[in-house]
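Biologist: Before I plan anything at the bench, could we go through this structure together, one question at a time?

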Amino acid sequence: MPALRESLGFLTSRLRQVGIFVALILIVILFQVLTDGILLQPQNVTNLVVQNSYILILAIGMVMVIIAGHIDLSVGSIAGFIGAVAGVMIVHWGWAWWLAIPACLLVGALVGAWQGYWIAYVGIPAFIVTLAGMLIFRGLTLITLKNQQITPFPNELRALGGGFLPDISGGTSVLEWLTVILGVGGTAAILFQALKERRVRRKFNLENEPMAWFAVKNGFIAVLMLIITFLLASYRGTPIVLIVLAVLVIVYSALMNNSIFGRHTYAIGGNLHAAELSGIKTKKVTFRLFVNMGVLAALAGLVFTARLNSAQPAGGTGFELDSIAAAFIGGAAVQGGIGTVAGAMIGGLIMGVLNNGMSILGLGTDYQQLIKGLVLLLAVGFDIFNKNRTGSGGGSSMGRRFKWKTTPPATETSTPATSEPVAVDAK
Amino acid sequence: MNVPILQMRGITKTFPGVKALQDVTLDVNRGEVHAICGENGAGKSTLMKVLSGVYAHNTFDGDILFENEPCEFSSITDSEKRGIVIIHQELALSPYLSIAENIYLGNELAKNGWVDWRKTNLEAAKLLARVGLSENPITPIQHISVGKQQLVEIAKALSKEVKLLILDEPTAALNDEDSDHLLDLILHLKGQGVTCIIISHKLNEIRKVADAVTIIRDGKSIETLRLDQGQITQERIIRGMVGRDLESLYPDRTPNIGEEVLRIEDWTVQHPQDHSRMVVSNASLNVRKGEVVGLAGLMGAGRTELAMSVFGRTYGRAVSGKVYKYGQEINTSTVSDAIDHGIAYATEDRKHYGLNLIEDIKRNISMAALNKLAKRGWVDGNKETTVANHYRKSMNIKAPSVAAITGKLSGGNQQKVVLSKWMFSDPDVLILDEPTRGIDVGAKFEIYTIIAELAAAGKAVIVISSELPELLGICDRIYTLSAGHITGEVPIAEATQETLMHYMTKEKE
């Protein structure tokens, strides 16, 4: 069966990409068994989504920053700070939610601009600037809150963290029909998009993934979507934050793949010098990336505050580590140039399922941290191992949706001076 | 008097696909300064790497006799034990460590693993006195000039009780004063019995210090000229360096030259770190429509620096001078300004400055002109693929598809991707820096054909190259640069390798 052999060959060449899907499924199955089926109960699935939403929002901005070759350690503190600002605006000053939310996002943008200025225009490494930011904005959080939590928030804001889309059947049905419509519609849209992309690739003579793998992959994604839809629909429907997240993922995936801004981000991370010599305004792009990160951190802070119904001095602590881990587990490269929004989402879900599953099992934070750390190490270690083994990567079909690490063959980069006598006398 | 200290016999060194050295012979007498001359890429540095053990003894053919004993070095450590020390053009000093620490780096004066600082600094001071450097040994390396750093390297060599000192282009990065001082020091060391091999193509320096000159060309030793036999003359060296046949490896072309497109006037560029050095001084040149203009110059002449400083000030500091396009002065102070004015610069170092190696062909081609494919900030991916497919076909880029990763392509195909990128930005002036470096002969011909086609299409092309036959084969006019000065402008009808080499080695007035 040549088709089967072709598919198998393709799978081994896409080990990293296939691997992370398989890893997510295995982890889900493992905890489903260990927790006696609690993990995939409708209520828990809903919890899983809501609990991880702010990490996933942060991971979107984080993976973009990492693709450009930077890092942001301050997002947890920024999220906490914005929670505090929201508390002051809404609870103390009595601002309406529709005024406070844009105002908070604006503050986030200013915070991002502050850090972006130091990184892009002054040239201080992002690690240092955001390490400073981590302290600065934690300090500002404590100052703003005067070390006390602010609570309660109005219901409109709380809906952002714990609200659901309305039940259009008026409570007469077991399933939330609006959720079913959205879920089935979304699944259809994804399949349609995949088919369209495949047609376009054929039209332009780009190599396509084998049909068998294409069918299995998309069939699997569709089934997964429908299962999640069913589980959500049989509890309370679609969390509002899931809609927010879905819109962000779609918009930012498109931005990274198809906008000039996204392309420039990949170019900067892939080869900064080449990007500069191609006329890309690298400083401007870097600045904008951090402004964007600030806005997303502000949004994450709002969602988190809304979910807890309280702005807390320690709010957002450790978020930066979870979102960085999500980006790296999702295939982003430390040296930049490689990574995808979708990958970071899967990385985030792996961390989320681990958190949730271990909590259900009653494992303390001690073991949770131990295991999460090992998973991060193994995921990136697997990348490096895989890279060294094959010495190559794929950049074609799914590269757009899920790019993985690639490296030029050793003969091309490691020994230019010795393999080319012409270059021996080079400057 | 003439006692041989070093004899290299029948040295042949092969890299995959290329014979870098072929049956090279080198005889160096004790106590002499022996210069090695040759064009860029002739094999001088390779020969020195063979000698100093960078290439282990089993990776080349031939014999090395040092002080009449055969040598089988596996590493630099082995050759240093015998008193052979090489100082590379790129200095191997650690900027944050002190002079004394650098001198004894890897060779620390220690007792039971603890460094004896008193002795280290004392001995270092003695060595500094020997090389005529009056600096405190505890000064960090980064606080002294490149010229003084060069002296520290020599002091380091002396600390290893050097018998044969090899200097690879020692003055390439130095200003005139420091160069003179260094040459004096070499003569001084010679008086103390240190034998010296110096690689250089600055003929005036060679005339000043060398007792013998061995000329290497295309990986072969051509001849050894001796001072005491009156053989060291500029003409003789130049003839030896270039004396090869022009091969007909170039496409036929009938130039159709039009109006002036680009003119550069009084272009002056300072070295980015060493402010006392002018990398380019008062350079003026022009290029016309449909014309291919060559920029010839030896290493360190300032060719790349000139091009990059014009292209968005990507090199140097305190750049001054004017750029005119069609007679109008233009501002090229950022890369995007330069691109907007229709200037393109394809780098000599495509891996570090030209390509995003982890990205595919089409995204590399579109990188410099994404806005041509975009509407309101959104890139039309289908259009991009169409464009990339067009160049893949017209430039004959050999790859499975335009979605192939550029890092996996051969040098020639990578170069074609770089050229495609700049052709897509639709420039009026293309500056091509070493467009055929590191690519095989077949691909070279394709690149020459592309250059000819660009000129035929009315582009103005500037080609920077170290290979004189290449410039003679494809250019209509050639400028020569020497030490940052334009020393000659030669129409192709009058250009020969000898005349060019004459101008390239000419001193500024």
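Biologist: Which residues of helix H11 of chain A are buried?

Modeller: This is a predicted model in which local features need pLDDT of at least 70 and side-chain atom pairs count only at pLDDT 80 or more, while totals for chains, interfaces and linings use all residues. Residues are numbered from 1 along each chain as its sequence is written, and chains are lettered from A and ligands numbered from 1 in the order in which they are written. Helix H11 (residues 260-270) of chain A has nine of its 11 residues buried, where buried stands for 20 or more other C-beta atoms within 10 Å of a residue's own, exposed for 12 or fewer and partly exposed for anything in between, with C-beta atoms placed from the backbone. The buried ones are Gly262(A), Arg263(A), His264(A), Thr265(A), Tyr266(A), Ala267(A), Ile268(A), Gly269(A) and Gly270(A).

Biologist: Which elements of chain B do the buried residues of H11(A) pack against?

Modeller: Helices here are DSSP runs of H or I with at least four residues, and strands are runs of E with at least two, numbered from the N terminus. Within chain A, the buried residues of H11(A) pack against helices H3 (42-67), H10 (240-258), H12 (272-277) and H13. From chain B, the partners are helix H12 (361-366) and strand S20 (378-379).

Biologist: Which helix gives the largest share of the largest nonpolar core?

Modeller: A nonpolar core is a set of buried Ala, Val, Leu, Ile, Met, Phe, Trp, Tyr and Cys residues joined through C-beta atoms within 7 Å. The largest one has 253 residues, and Ala300(A) and Ile451(B) are among those that touch the most other members. The largest share, 16 residues, comes from helix H13 (residues 282-308) of chain A.

Biologist: At what angle do helices H4 and H14 of chain A pack, and how is that described?

Modeller: The contact joins Val75(A), Gly76(A) and Ala79(A) of H4(A) to Phe319(A), Glu320(A) and Ser323(A) of H14(A), two residues being in contact if their C-beta atoms, placed from the backbone, lie within 7 Å. The axes are 6 Å apart and the angle is about 130°, taken from 0 to 180 degrees between N-to-C directions of lines fitted to C-alpha atoms, for helices over the stretch in contact. Because angles under 35 degrees count as roughly parallel, over 145 as roughly antiparallel and 65 to 115 as roughly perpendicular, H4(A) is described relative to H14(A) as oblique.

Biologist: Which strands are the edges of the sheet ordered S6-S9-S10-S3-S11-S12 in chain B?

Modeller: This open sheet of six strands has mixed pairing, and two strands pair if DSSP finds at least two bridges between them. Strand S3 (residues 33-37) and strand S10 (residues 195-199) of chain B pair in the parallel sense over four bridges, whereas S11(B) and S12(B) pair in the antiparallel sense over six. The edge strands, each pairing on one side only, are S6 (84-87) and S12 (220-226) of chain B.

Biologist: Which residue takes a positive phi in the hairpin of S11(B) and S12(B)?

Modeller: Arg217(B) has Lys220(B) in S12(B) as its bridge partner. The hairpin has two residues between the strands, and the one with a positive phi, near 50°, is Asp218(B).

Biologist: In the sheet ordered S18-S21-S22-S15-S23-S24 of chain B, which residue stands opposite Ile343(B)?

Modeller: This open sheet also has mixed pairing, and S18(B) pairs with strand S21 (residues 429-433) of chain B in the parallel sense over four bridges. In S21(B), the residue opposite Ile343(B) is Val429(B).
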